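Here is a briefing on a predicted model and its bound ligands. Look over the sequence and the coordinates first, then read on.

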Amino acid sequence: HAKQAGRGRFSLYTAAMGERADQRLRLETELRAAIREGQLYLDYQPKMRYPERELVGVEALVRWRHPNGTLIEPADFIPIAEETGLVTAIDEWVLREACHQVGAWFEAGLAAVPVAVNMSLARADVDRLVRNIERALTDARLPASLLEVEFTESQMLGQNVRSRQLVDRIRAMGVRLSVDDFGTGYSSLSYLADFRFDTIKIDRAFVHGLPDENEARAVIQAILGIAQSLECDVVAEGVETEAQADALSDLGCRQMQGYLFSRPLSAEVIERELGRRDAGVAASVVSAAS
Ligand code: C2E
Ligand code: MG
Ligand code: MG
Ligand code: MG
């Protein structure tokens with residue numbers, strides 16, 4: 001009797017599992033095709049200095065335009081790509097595309113905006129990653145100082161020895177390094193001193209708690225304090241309101257990213273903005289001279 005009930009549950013369970021496995025397999029197959037057939041593209045989200053609201057950089061964020069017309073966000077395919085190892089191919093494509101785009105802007109004399117790319121450490125092979133970065137920079141004729149690589153705090157933690165080698169070799173190339181989603185990974189602060197990142201990106205969960213939550217404020221304050229003594233930049237992520245931006249500014253945080261300033265934008269829109277900004281600078285130089 002009990003055995004029968006047990007068997008019934010078991011078969012239901014396996015049916016559900018089977019369906020999920022099917023879905024994943026389909027997604028994996030489609031994702032493979034997406035990389036091959038050019039269905040991926042990048043948006044770029046501005047990073048600003050506050051309160052000046054000057055553009056200090058952009059972050060490349062991958063998107064998938066599925067042939068059925070839907071737009072798929074990275075949260076819905078990067079985790080599966082990490083499990084299947086496809087993330088390596090995605091990250092390589094993103095790196096090349098971002099370097100190529102920013103290299104083109106740089107060569108056109110538009111502006112020297114640094115670009116940040118996100119890289120998964122789930123499947124990372126240190127030698128291959130370093131080689132790919134070198135090649136992407138060379139092919140795009142992009143100075144290393146205009147590239148920044150973001151690793152999440154939680155992935156860095158899981159891979160201590162490899163992370164260490166990776167960080168050292170990337171820095172040796174002159175590429176900037178930043179630790180993403182900081183504050184959620186439960187790492188000790190000594191790890192920050194040890195790895196010497198150029199930038200710490202405060203996770204938006206803390207920014208969300210501003211201006212009212214004392215806990216969020218305390219964490220942000222602690223991060224800003226250690227960053228200052230390590231001479232490392234801090235960027236607050238997910239800034240959505242003036243009140244959050246002002247609270248961050250009062251705490252001494254000067255770089256921010258978030259919907260308050262801009263959503264991620266297409267390359268075309270960024271390019272137009274850069275052109276306008278250059279025209280603005282040129283115009284003010286002209287009027288000052290006359
Ligand atoms: P992330 O690197 O922390 O990127 C920031 C995410 O926050 C982006 O979501 C961005 O659109 C979103 N965001 C920006 N400002 C705001 C705001 O004011 N409010 C809110 N609520 N959200 C904001 P997106 O583009 O969906 O990317 C999600 C994550 O996917 C990224 O988080 C990153 O971890 C990962 N990802 C994106 N592109 C790549 C890639 O090329 N390779 C890898 N491995 N991961 C990527
Ligand atoms: Mg999103
Ligand atoms: Mg990021
Ligand atoms: Mg983040």
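Strand 2 (54-65), helix 3 (87-107) and strand 6 each supply at least two residues of the shell around ligand 1. Helices (H or I, at least four residues) and strands (E, at least two) are DSSP runs, numbered from the N terminus. Strand 2 gives the largest share of that shell, with four residues. Ligand 1 occupies the largest pocket.

This is a predicted model, in which local features need pLDDT of at least 70, side-chain atom pairs count only at pLDDT 80 or more, and totals for chains, interfaces and linings use all residues. Residues are numbered from 1 along each chain as its sequence is written, chains are lettered from A and ligands numbered from 1 in the order in which they are written, and side-chain values use heavy atoms, with hydrogens and water left out.

**Ligand 1**

- There are 23 residues around ligand 1, and D91, D180, R204, E240 and Y259 come nearest. A residue counts as near if one of its heavy atoms lies within 4 Å of the molecule.
- The side chain of R63 places an N or O atom 2.8 Å from an oxygen atom of ligand 1.
- For the side chain of E59, the corresponding N or O atom is 3.0 Å from an oxygen atom of ligand 1.
- E237 has a polar side-chain atom 3.1 Å from an oxygen atom of ligand 1. A polar contact is a pair of N or O atoms within 3.5 Å; within protein, one must be able to donate a hydrogen and the other to accept it, and residues adjacent in sequence count only if both atoms are side-chain atoms.
- On its own, ligand 1 has 810 Å² of accessible area, and the protein covers 86% of that. Accessible areas come from the Shrake-Rupley method with a 1.4 Å probe.
- The pocket is defined on a 1 Å grid over the protein atoms alone, as an open set of points with protein on both sides within 12 Å along at least five of seven lines. A molecule sits in a pocket if more than half of its atoms lie within 2 Å of its grid points.

**Magnesium ion (ligand 3)**

- Its protein donors are E59 (OE), N118 (OD1), E150 (OE) and D180 (OD), at 2.0 to 2.2 Å from the ion. Donors are N, O and S atoms within 2.8 Å of the metal (3.2 Å for Na, K and Ca); water is not among the atoms, so sites may look incomplete.
- The donor spacing in sequence for ligand 3 is E-x58-N-x31-E-x29-D.
- Distant parts of the chain are linked here: N118 is in strand 4 (residues 115-118) and E150 in strand 5 (residues 147-152), 32 residues apart.
- E150 is buried at 1% relative accessible area, whereas N118 is partly exposed at 24%. Buried means under 20%, exposed over 50%, and partly exposed in between (1.4 Å probe, protein chains only).

**Magnesium ion (ligand 4)**

- D180 (OD), D181 (OD) and E237 (OE, listed twice) are the protein donors of ligand 4, lying 2.0 to 2.4 Å from the ion.
- Along the sequence, the donor residues of ligand 4 follow D-D-x55-E.
- D180 is in strand 6 (residues 176-182), and E237 is in the loop between strand 8 (233-236) and helix 10 (242-251), 57 residues apart.
- D180 is buried at 6% relative accessible area. E237 is buried too, at 10%.
- The magnesium ions, ligand 3 and ligand 4, lie 4.3 Å apart, and D180 bridges them.

**Other residues in strands 6 and 8**

- V235 lies in strand 8 and is buried at 0% relative accessibility. Its C-alpha atom is 7.1 Å from that of Q257, 22 residues apart along the chain.
- R176 is in strand 6 and is partly exposed, at 27%. The C-alpha atoms of R176 and E59 are 13 Å apart, with their positions 117 residues apart along the chain.

**Backbone geometry**

- Y50 and P51 are joined by a cis peptide bond, with omega about 10 degrees. P51 falls in the loop between strand 1 (40-49) and strand 2.
- L210 and P211 are also joined by a cis peptide bond, with omega about 5 degrees. P211 is in the loop between helix 8 (204-208) and helix 9 (214-229).
- R141 is not a glycine, yet its phi is positive, at about 50 degrees. R141 is exposed, at 59% relative accessibility.

How values were computed:
1 Å grid on protein atoms, 1.4 Å probe; cavity = no way out; pocket = protein on both sides within 12 Å on 5 of 7 lines; lining within 4 Å.
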